[in-house]
Amino acid sequence: MGEPRTLTSVGGGGDPVEVSRLWHITLSVSGAEAPLAEVRRALEQLAHDHPFLLTSRYAHDHAEIRYWEEARDLHDAAAVALRLWGEHRSTARLPPWEIVGLEVIDRETYHQRIAAGYGPLPATPVGVHPF
């Protein structure tokens, strides 16, 4: 299952390199309650700082972030996703919540879920919204 990996030559005769793929990320975070206005502002700043962020949903004590990540493989996509919250915590003034869930699926699996009528809707509505 999953998209086939594409290998290409670099520089006419170089070693083949793996081309990156798109991965759909769902990152769930939670922690102590924070004012909704501050959570919303922080998630909007995160969306500005991380332009591939599609949808965020939030409440006083948790949030869910969905976006597409380009990476060579699942391991790389997951590693980037697990760093997202911590790396942007101070610049976006995110709540000091911890990551409590992570789903990383390839593009083909994402589209199969949508076609089968389950799974997240295709990033609709885009933006930052309360649960």
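**Helix α1 and the sheet it sits on**

Okay, let's start with one helix: the buried residues of α1 are V39, A42, L43 and L46. They take up an arc of only 95° around the axis, so they end up on the same side of α1. Bear in mind that this is a predicted model.

So what covers those buried residues of α1? The cover includes β4, β5, α2 and β7. If you look at the face of α1 turned away from the buried side, you'll find the exposed residues A37 and H48 there.

A quick check on the helix itself. With 14 residues at 1.5 Å each, α1 should span 20 Å, and its end C-alpha atoms are 20 Å apart, so that agrees.

Now the sheet. We've got an open sheet of 5 strands, in the order β6-β3-β5-β4-β7, and the pairing is mixed. At the edges are β6, residues 98–106, and β7, residues 127–130, each pairing on one side only. On average, neighbouring strands here are turned by 15° against each other, ignoring direction.

Back to our helix: α1, residues 36–49, packs on this sheet and touches β4, β5 and β7. The direction of α1 makes about 170° with that of β4.

Let me zoom in on β4, which covers residues 53–58. β4 and β7 run parallel, and 4 bridges join them. Which residue of β7 is the bridge partner of R57? That's H129.

And then there's the other helix, α2, residues 74–88. You'll see α2 lying across β3, β5 and β6, and running at about 150° to β6.

Conventions: Residues numbered from 1 in each chain as written. Predicted model: local features only at pLDDT ≥ 70, side-chain atom pairs only at ≥ 80, totals over all residues. Heavy atoms only, no water. Pairing = 2+ DSSP bridges. Helix = DSSP H or I, 4+ residues; strand = E, 2+ residues; numbered from the N terminus. Axes fitted to C-alpha atoms, helices over the stretch in contact; angles between N-to-C directions. Contact = heavy atoms within 4.5 Å. Expected span 1.5 Å × (residues − 1). Buried < 20%, exposed > 50% of the residue type's maximum accessible area, 1.4 Å probe, protein only. Arc of directions from axis to C-beta.
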